[in-house]
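Trainee: I should like to learn how the features of a protein model are read. May we work through one together?

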Amino acid sequence: MKKALAITAAAAACALVTLAALNGSARATYPGATNGRIAFGIRVNGNTDVYTARPGGQDLRRLTTDPGFDACASYSADGRRIAYCSGQGGGPVQVWTMKQNGTDKQQVTHMSGPATFPDFSPDGSKIVFTAKPAGSPTRDIYVIGSDGSGLTQLTSSSIDNAYPAFSPDGTKIAFTSRRTGTSQVYVMNADGSGQTQLSFDPQPKDQVPDWSPDGSRIAYLADTHGISDVVNPSWGDIWVMNADGSGKHPITSDATYYGTAWSPDGSRIATLDFTGSGGPTVYTLNAADGSDARAVHAGPGPQRVPGWQPRGTGTENQNDD
C-alpha cells in the first residue's frame, strides 16, 4: 500500500493552481497490435521538455529543446504526429504539433490565454483541447482543425470544463466538469451536444479520463485523498467504468497516482506515481487489476502525465517520418 504524500501548505496553493493547468495529460489511445512509444514531459535543470521512450524505458529521446514549457503530449491515431502544449512562442502556453521524431513543429492555436491538454481526433483532422482565454474565469473545451482552422467552443458554463479525450471512433469526447460543485467525468458528442454526467460519487475527478482502445471503457482518476482538482498534485486511485457509466470499479487502492493513458493493446495503463524520491515518475500497470507497476524511466527530474503511441512498435528510427 502506498502512503499519501503530505499536502502542500495553504500559502502555496495559488502557485499550485497555475502548475495544475500545465501538468500535461494522458491521451486517448486507439487499437494497435503492439504498444508503441510513451511520450511524457521531464523537467531537467528547471526546464520541462517532451521526451519519448519505449514502454520498458529503452531508447529515451528528447523531442523539444526550447526554453519554454513543453508537455501535454498526445499522439495522432496513426502514431506519426504528436500534439503538445508549449510556451516556445512566448506568451501563454499554446497547442503545437510535431512529427513523432520531433521535427516539423507547428503552432496550432493562438488563444489569448493558456491552451492545453490537446487530443487528436481519430482521423487526425481535428484537435480538442482545454483553454482559458484572457478575462475568462473558467476553463472550457474547444476543438480546432489540426491546421489551425475552424476554432469552435464546445462547452460553456460558470465552472471549469477540462481534460477532453476523443473516443476511438471519433463520435464522443470524454471530459471532466465541476458544474455540479465536484469535478466529475462527463461525455458529449463530438460537436458538443448531449453532455452527460457519468460519475456521481463525492470524490473529485482529475487528469485525465481515457478510453480503452476498443471504446468500451473509460479509465479515470478519483482523488481519493480529498484534494480538489484545481490544486496540484491531486493524486488518487485509478477507476474503470463502462462507456455508459455503468460498472464503476477501482483497480488501485490507497495509491498516489495521477492521470491515465491506456496502452494500444489494452493490457496496461500508464500513469504518474508521486511516491518516488525524485518526484513524479511515469509507471505502467496492469489494466485489469492495477498490479505489476513498472517505472518507465526513473529520472532524472520530475515527470509529466504520459501519452501512448498507437500503431507503433517503439523501435522506429529517430529520423523516421
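The dialogue below takes up the overall make-up, the strands, the core, the aromatic pairs and the disulfide in turn.

Trainee: What does the secondary structure of the protein come to?

Mentor: Please keep in mind that this is a predicted model. The protein holds one helix and 24 strands. Of its 321 residues, 56% count as buried. The accessible surface comes to about 11,700 Å², and carbon and sulfur atoms account for 52% of that surface.

Trainee: What share of the contacts with a separation of 6 or more comes from residues 24 or more positions apart?

Mentor: Such residues account for 45% of those contacts in the protein.

Trainee: Let us turn to a single strand. How many residues of strand 21 are buried?

Mentor: The cut-off to apply is a relative accessible area under 20%. In strand 21, residues 268–273, six of the six residues are buried, so the strand is largely enclosed by the rest of the structure. Each face can then be read separately. Arg268, Ala270 and Leu272 lie on one side, Ile269, Thr271 and Asp273 lie on the other, and all are buried.

Trainee: Which strands pair with strand 21?

Mentor: Strand 20, residues 257–262, pairs with strand 21 in the antiparallel sense over four bridges. Within this pairing, Trp262 stands opposite Ile269. The two strands form a hairpin with five residues between them, and Gly266 in the turn has a positive phi of about 80°. Strand 22 also pairs with strand 21, again in the antiparallel sense, over six bridges.

Trainee: Which residue of strand 22 is the bridge partner of Ala270, and is that partner buried or exposed?

Mentor: The bridge partner is Thr284, which belongs to strand 22, residues 281–286. Thr284 counts as buried because its relative accessibility is 4%. Leaving aside residues up to four places away in sequence, Thr284 has several contacts, among them Ile38, Arg268, Ile269, Ala270 and Trp308.

Trainee: How is an open sheet read, and what is the strand order in the one with four strands?

Mentor: One reads the order of the strands, and then the edges. Here the order is 8-9-10-11, with antiparallel pairing. Strand 8 (115–120) and strand 11 (152–153) stand at the edges with a single partner strand each, so one side of each has no neighbour in the sheet. Strand 9, residues 126–131, runs antiparallel to strand 10, residues 140–145, and six bridges join them. Thr130 has Ile141 in strand 10 as its bridge partner.

Trainee: What is the general idea behind a nonpolar core, and which residues touch the most other members of the largest one here?

Mentor: In soluble globular proteins, nonpolar side chains tend to be buried together. The largest nonpolar core in this model has 26 residues, and Phe40 and Ile269 touch the most other members. Strands 1 (38–44), 2 (47–53), 17 (217–222), 18 (237–242), 20, 21 and 22 each supply at least two residues of this core. Strand 20 gives the largest share, four residues. As for Phe40, its contacts beyond four places in sequence include Val50, Tyr51, Leu60, Val282, Val296 and Pro306.

Trainee: How should aromatic pairs be read, and how many does the structure hold?

Mentor: A pair of aromatic rings is described by the distance of the centres and the angle of the planes. The structure holds five aromatic pairs. In one of them, the ring centres of Phe117 and Tyr163 are 4.8 Å apart and the planes stand at 85°, so the pair is edge-to-face. Phe117 lies in strand 8 and Tyr163 in strand 12 (residues 161–166), so the pair ties together parts that are 46 residues apart in sequence. Both residues, Phe117 and Tyr163, are buried.

A tilted pair is formed by Trp235 and Phe274, with 5.3 Å centre to centre and 40° between the planes. Trp235 is in the loop between strand 17 and strand 18, while Phe274 is in the loop between strand 21 and strand 22, so parts 39 residues apart in sequence are tied together. Trp235 and Phe274 are both buried. Ring pairs also link Trp235, Tyr258 and Phe274 into a cluster.

Trainee: Finally, which residues does a disulfide join?

Mentor: The count comes to one disulfide, and Cys72 and Cys85 are joined in it with an S to S distance of 2.0 Å. The link is right-handed, with 65° about the S-S bond. Cys72 sits in strand 4 (residues 70–75) and Cys85 in strand 5 (residues 81–86), 13 residues apart. Cys72 is buried at a relative accessible area of 1%, and Cys85 is buried at 0% relative accessibility.

Conventions: Residues are numbered from 1 along each chain as its sequence is written. This is a predicted model: local features need pLDDT of at least 70, side-chain atom pairs count only at pLDDT 80 or more; totals for chains, interfaces and linings use all residues. Side-chain values use heavy atoms; hydrogens and water are left out. Buried means under 20% relative accessible area, exposed over 50%, partly exposed in between (1.4 Å probe, protein chains only). Contact means heavy atoms within 4.5 Å. A disulfide is a pair of cysteine sulfur atoms within 2.5 Å. Accessible areas come from the Shrake-Rupley method with a 1.4 Å probe; for residues, only the protein chains shown count as cover. Two strands pair if DSSP finds at least two bridges between them. A nonpolar core is a set of buried Ala, Val, Leu, Ile, Met, Phe, Trp, Tyr and Cys residues joined through side-chain atoms within 4.5 Å. Rings of Phe, Tyr and Trp (its six-membered ring) pair if their centres lie within 6.5 Å; planes under 30 degrees apart count as stacked, over 60 as edge-to-face and the rest as tilted.
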